[in-house]
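Reader: I am new to protein structures and would like to learn how to read one. Could you take me through the features in this example?

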Amino acid sequence: MSFLVVLVVDDVDDCPAVLKAWEDAGVKGVTILPSSGLGRARRIGLMDNLPLMPSLQDIDRSEEIKHRTLFSVVEDQQTVDELIAATQQVIGNLDEPHTGFLFVVPVLQAFGLGRQRGT
């Protein structure tokens, strides 16, 4: 079974090292998105500057410090475990504040992963 691994990296400076660790663990591709959490938006007063229904472009124009959200589909639980360990080696224990947030979701079907037919 495949799994979707999603990681929100709190400190953007950690992102290159996390990406290298994921690549070393066997991940073939990672999608990277700039992101921000509601708590951070409230702390810096961003909520006063955004329209009622903000677009990603509205959020990206703000002066806030951003997170990076990484996601990748991996083929097995062993790779998931390796990614979690590699991530925590770089950014620390994910249960500690201001490190990151990681979750894993089973993937029932995936297309376009570059696999050969029949595998």
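Author: Let us begin with strand β1 in this predicted model. In β1, 6 of the 8 residues are buried, so the strand is largely enclosed by the rest of the structure.

Reader: How many bridges does β1 form with β4, and in which sense do the two strands pair?

Author: The general idea is that strands of a sheet pair through backbone hydrogen bonds, either parallel or antiparallel. Here, β1 covers residues 2-9 and pairs with β4 in the antiparallel sense over 8 bridges. You can follow this pairing residue by residue: leucine 4 stands opposite valine 105 in β4, and valine 8 stands opposite phenylalanine 101 in β4.

Reader: And what about β1 and β3: over how many bridges do they pair?

Author: β1 and β3 pair over 7 bridges, in the antiparallel sense. Leucine 4 is a handy marker here, with valine 73 as its bridge partner in β3.

Reader: What is the order of the strands in the sheet?

Author: The order is β2-β3-β1-β4, in an open sheet of 4 strands with antiparallel pairing. β2 (31-35) and β4 (100-107) stand at the edges with a single partner strand each, so one side of each has no neighbour in the sheet. From one strand to the next, the twist averages 20°.

Reader: Which helices should I look for against these strands?

Author: Start with α1, residues 15-24, which packs on the sheet and touches β1, β2 and β3 (67-74). The direction of α1 makes about 10° with that of β3. Then find α5, residues 77-91, lying across β1, β3 and β4. α5 runs at about 10° to β1.

Reader: How do I describe the way α1 and α5 pack, in angle and distance?

Author: Two packed helices are described by the angle between their axes and the distance between the axes. For α1 and α5, the angle is about 150° and the axes are 9 Å apart. That makes α1 roughly antiparallel to α5. The crossing of α1 past α5 is right-handed.

Reader: Which residues make the contact between them?

Author: On the α1 side they are Ala17, Val18, Ala21 and Trp22, and on the α5 side Leu83, Ala86, Thr87, Val90 and Ile91. Sorted by class, this contact of α1 with α5 has 8 nonpolar residues, 1 polar and no charged residues.

Reader: Can we try a single residue? Is valine 74 buried or exposed?

Author: Valine 74 is found in strand β3. Its relative accessible area is 4%, and a residue under 20% counts as buried, so valine 74 is buried.

Reader: Which residues is valine 74 in contact with, leaving aside its neighbours within four places in sequence?

Author: With those neighbours left aside, valine 74 is in contact with Ser2, Phe3, Val5, Val27, Thr79, Val80 and Leu83. Leu83 has appeared already, in the contact of α5 with α1. You can also look from valine 74 to valine 107: they are 33 residues apart along the chain, and their C-alpha atoms are separated by 9.2 Å.

Reader: What is the pattern of the protein, read along the sequence?

Author: The pattern is β-α-β-α-α-α-β-α-β, which comes to 5 helices and 4 strands. Of the 119 residues in the protein, 30% are buried. Among contacts with a separation of 6 or more, 81% are between residues 24 or more positions apart.

Definitions and conventions: Residues are numbered from 1 along each chain as its sequence is written. This is a predicted model: local features need pLDDT of at least 70, side-chain atom pairs count only at pLDDT 80 or more; totals for chains, interfaces and linings use all residues. Side-chain values use heavy atoms; hydrogens and water are left out. Two strands pair if DSSP finds at least two bridges between them. Axes are lines fitted to C-alpha atoms, for helices over the stretch in contact, and angles run from 0 to 180 degrees between N-to-C directions. Contact means heavy atoms within 4.5 Å. Angles under 35 degrees count as roughly parallel, over 145 as roughly antiparallel, 65 to 115 as roughly perpendicular and the rest as oblique. A crossing is left-handed if the near helix is turned anticlockwise from the far one by less than a right angle, and right-handed if clockwise. Ala, Val, Leu, Ile, Met, Phe, Trp, Tyr, Cys and Pro count as nonpolar, Asp, Glu, Lys and Arg as charged, and the others, Gly among them, as polar. Buried means under 20% relative accessible area, exposed over 50%, partly exposed in between (1.4 Å probe, protein chains only).
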